[in-house]
Amino acid sequence: MFQNLDVFRTAMAMARHAGLQQAVSAQNIANADTPGYRARDIPAFASTLRDAMGSQRATRASHLHGGSSRDIDMTERRDALDPNGNTVSLEEEMVMAVGAKRQHDRALAIYRSNLTMLRAALGRG
């Protein structure tokens, strides 16, 4: 019954993804006035989870073309270009940061809920 608890791994992966998204948004905001800086973004959690669950995983650094399953490809956003060559939009970064907080809160709620169910199933809840 308790051999496969993927829900905990998924919740932890969601929390890590939210933390990375928050860090990328903070880096973008910190460089909002840097001339020529290109705003960075990471893929949505659903696509990274789908790739991690449905594909092969690297077991060592030289396996699968040197990539690790934990590496997330950052992309550059090329939406609007300021006169100084910067692509950071503070409004968009604030929305991304709020989305990351919501995702992190959702991951913690999933983790807590399943932990409560597990404790109840064991008779300790």
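This is a short dialogue about reading a predicted model, one feature at a time.

Me: Before I trust anything here, what are the mean pLDDT of the protein chain and the share of residues that reach 70 or more?

Reply: Start with confidence, then go to geometry. The model is predicted, and the chain averages a pLDDT of 82, with 77% of its residues at 70 or more.

Me: Which elements have the lowest and the highest mean pLDDT?

Reply: Split the average up by element. Helix 2, residues 45-54, has the lowest mean at 73, while helix 3 has the highest at 94. Also look for stretches with low values: over residues 64-69 pLDDT stays under 50, and the model has 9 contacts beyond four places in sequence for that stretch.

Me: OK, helix 3 then. How does its reach from first C-alpha to last go with what is expected at 1.5 Å a residue?

Reply: The idea is to hold the end-to-end span against the expected one. Helix 3 runs over residues 90-121; its 32 residues reach 46 Å, close to the expected 46 Å. After the helix comes Gly123, with a positive phi near 85°.

Me: Which residues of helix 3 are buried?

Reply: For burial, go by relative accessible area. In helix 3 the buried residues are Glu93, Ala97, Ala100, Gln103, Ala107, Asn114 and Leu118. Take Asn114: it counts as buried because its relative accessible area is 18%, and the cut-off is under 20%.

Me: And what is Asn114 in contact with, leaving aside neighbours within four places in sequence?

Reply: Contacts like that tie distant parts of a sequence together. Asn114 touches Val7 and Phe8. Another pair to look at is Asn114 and Ala11, which sit 103 residues apart in sequence and 9.8 Å apart in space, C-alpha to C-alpha.

Me: Where is Ala32, and is it buried or exposed?

Reply: Same recipe, now in a loop. Ala32 lies between helix 1 (6-30) and strand 1 (40-41). With 15% relative accessibility, Ala32 is buried. Beyond its sequence neighbours within four places, Ala32 has contacts with Asn86, Val88 and Leu90. From Ala32 to Val88 is 56 residues in sequence but 5.5 Å in space, C-alpha to C-alpha.

Me: Leu90 turned up there. Which residues form a nonpolar patch on the surface with Leu90?

Reply: Here you look for nonpolar side chains that share a piece of surface. Leu90 joins Ile29 and Met94 in such a patch, and together they have about 260 Å² of accessible area. Leu90 itself is partly exposed, as its relative accessibility is 44%.

Me: Next, charges. How many salt bridges does a search of the whole structure find?

Reply: Check the closest N and O atoms, then see where the partners sit. The search finds 2. One links Arg9 and Asp6, with 2.6 Å between the closest N and O atoms. These two are 3 residues apart in helix 1, so about one helical turn separates them. Asp6 is partly exposed, at 30% relative accessibility.

Me: What about the salt bridge of Asp105?

Reply: Asp105 pairs with Lys101, and their closest N and O atoms are 2.6 Å apart. Both are in helix 3, 4 residues apart, about one turn of the helix. Accessibility gives the last bit of the picture: Asp105 is partly exposed at 37%, whereas Lys101 counts as exposed at 51%, because the exposed class starts over 50%.

Terms used. Residues are numbered from 1 along each chain as its sequence is written. This is a predicted model: local features need pLDDT of at least 70, side-chain atom pairs count only at pLDDT 80 or more; totals for chains, interfaces and linings use all residues. Side-chain values use heavy atoms; hydrogens and water are left out. Patches are made of residues with over 30% relative accessible area and no salt bridge: like charges are joined within 9 Å, nonpolar side chains (Val, Leu, Ile, Met, Phe, Trp, Tyr) within 5 Å. Accessible areas come from the Shrake-Rupley method with a 1.4 Å probe; for residues, only the protein chains shown count as cover. A salt bridge is a side-chain nitrogen of Lys or Arg within 4 Å of a carboxyl oxygen of Asp or Glu. Buried means under 20% relative accessible area, exposed over 50%, partly exposed in between (1.4 Å probe, protein chains only). The expected span of a helix is 1.5 Å times one less than its number of residues. pLDDT is the predictor's confidence in each residue, from 0 to 100. Contact means heavy atoms within 4.5 Å.
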